Amino acid sequence: MQATLRAALILSALAAVAGCASSASKDTASGPKYTAEEKAAMTEEEKLAIYNENVRDKDRVTCTAQRSTGSHMTRRVCKSAEQRRVEREAAEDSLRNSRRLPAGETGGN
C-alpha cells in the first residue's frame, strides 16, 4: 500500500510539474508515446527519466529520501529545480529576517 501511495504521489507531482512546464521550450507533447501497458510496466525512475528528457532544466524533477523530524522512516520527495530554488530562497529570507533586531534595539549592552 505504501508503494502505491508513493507512486500516486510521484505521478501527481509529475502531472503538476508537467502542467507548469506546458510553456517549456521543448514541447512535452512531442515526447515519446507509450501504451498504457508500457507505462504500467515502467518503474518510477524510468518515468522520471523520460519526463526529464523532455522539459527545460529548471523543470527537471529530482527525488530525494527525507526523514521527518522524530521519525526513522524516510519518504521520497520529488521536486523540480525551480521548486527547490524557491524553497531555498524562502528559507534564506526567513533566516535573514530572524537575525534582524526588533525596532529600537541596538544589540549592545
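**Exercise 1. The disulfide**

What is the handedness of the link of C63 and C78, and what is the angle about the S-S bond? Find the elements that this pair connects, and decide whether each cysteine is buried or partly exposed.

*Solution.*
Note at the start that the structure is a predicted model.

Step 1. Search the whole structure for disulfides; one is found. In general, a disulfide is a covalent bond between the sulfur atoms of two cysteines. Here the partners are C63 and C78, with their sulfur atoms 2.0 Å apart. This meets the cut-off, which asks for sulfur atoms within 2.5 Å.

Step 2. Read the angle about the S-S bond. It is 110°, and the link of C63 and C78 is right-handed.

Step 3. Place the two residues in the chain. C63 belongs to strand 1 and C78 to strand 2, and the pair links distant parts of the chain, 15 residues apart.

Step 4. Compare the accessibilities with the limit: buried means under 20%. C78 has a relative accessible area of 15%, so C78 is buried. C63 has 23% relative accessibility and therefore counts as partly exposed.

**Exercise 2. The hairpin and R75**

Describe how strand 1 and strand 2 pair, then locate R75 and list its contacts beyond its sequence neighbours.

*Solution.*
Step 1. Take the limits of the strands. Strand 1 covers residues 61-67, and strand 2 covers residues 74-80.

Step 2. Look at the pairing. The two strands run in the antiparallel sense and are paired over seven bridges. Strand 1 and strand 2 form a hairpin, with six residues between them. In the turn, G70 has a positive phi of about 85°.

Step 3. Find R75, which sits in strand 2. R75 is the bridge partner of Q66.

Step 4. List the contacts. Leaving out residues up to four places away in sequence, R75 touches T64, A65, Q66 and S68. For A65, the separation from R75 is 10 residues in sequence, while the C-alpha atoms are 5.4 Å apart in space.

**Exercise 3. Salt bridges**

Identify the salt-bridge partners of R76, explain what the E44 pair ties together, and contrast these bridges with the one formed by E92.

*Solution.*
Step 1. Start from the total: nine salt bridges are counted. Three of the pairs, including two that involve R76, are treated below.

Step 2. Treat E44 and R76. Their side chains meet in a salt bridge with an N to O distance of 2.9 Å. E44 lies in helix 3 (residues 44-53) and R76 in strand 2, so this pair ties together parts that are 32 residues apart in sequence.

Step 3. Treat E45 and R76. The side chains of this pair also meet in a salt bridge, at 3.0 Å, N to O. E45 is in helix 3 and R76 in strand 2, so the pair links distant parts of the chain, 31 residues apart.

Step 4. Classify the three residues. E44 is at 21%, R76 at 23% and E45 at 48% relative accessibility. E44, R76 and E45 each count as partly exposed.

Step 5. Turn to E92, which forms a salt bridge with R88; the closest N and O atoms are 4.0 Å apart. Both residues lie in helix 4 (residues 81-98), four residues apart, which is about one turn of the helix. E92, at 39% relative accessibility, counts as partly exposed, and R88 is partly exposed with a relative accessible area of 46%.

Step 6. Return to the shared partners. Salt bridges that have partners in common join E44, E45 and R76 into one network.

Methods: Residues are numbered from 1 along each chain as its sequence is written. This is a predicted model: local features need pLDDT of at least 70, side-chain atom pairs count only at pLDDT 80 or more; totals for chains, interfaces and linings use all residues. Side-chain values use heavy atoms; hydrogens and water are left out. Contact means heavy atoms within 4.5 Å. Buried means under 20% relative accessible area, exposed over 50%, partly exposed in between (1.4 Å probe, protein chains only). Two strands pair if DSSP finds at least two bridges between them.
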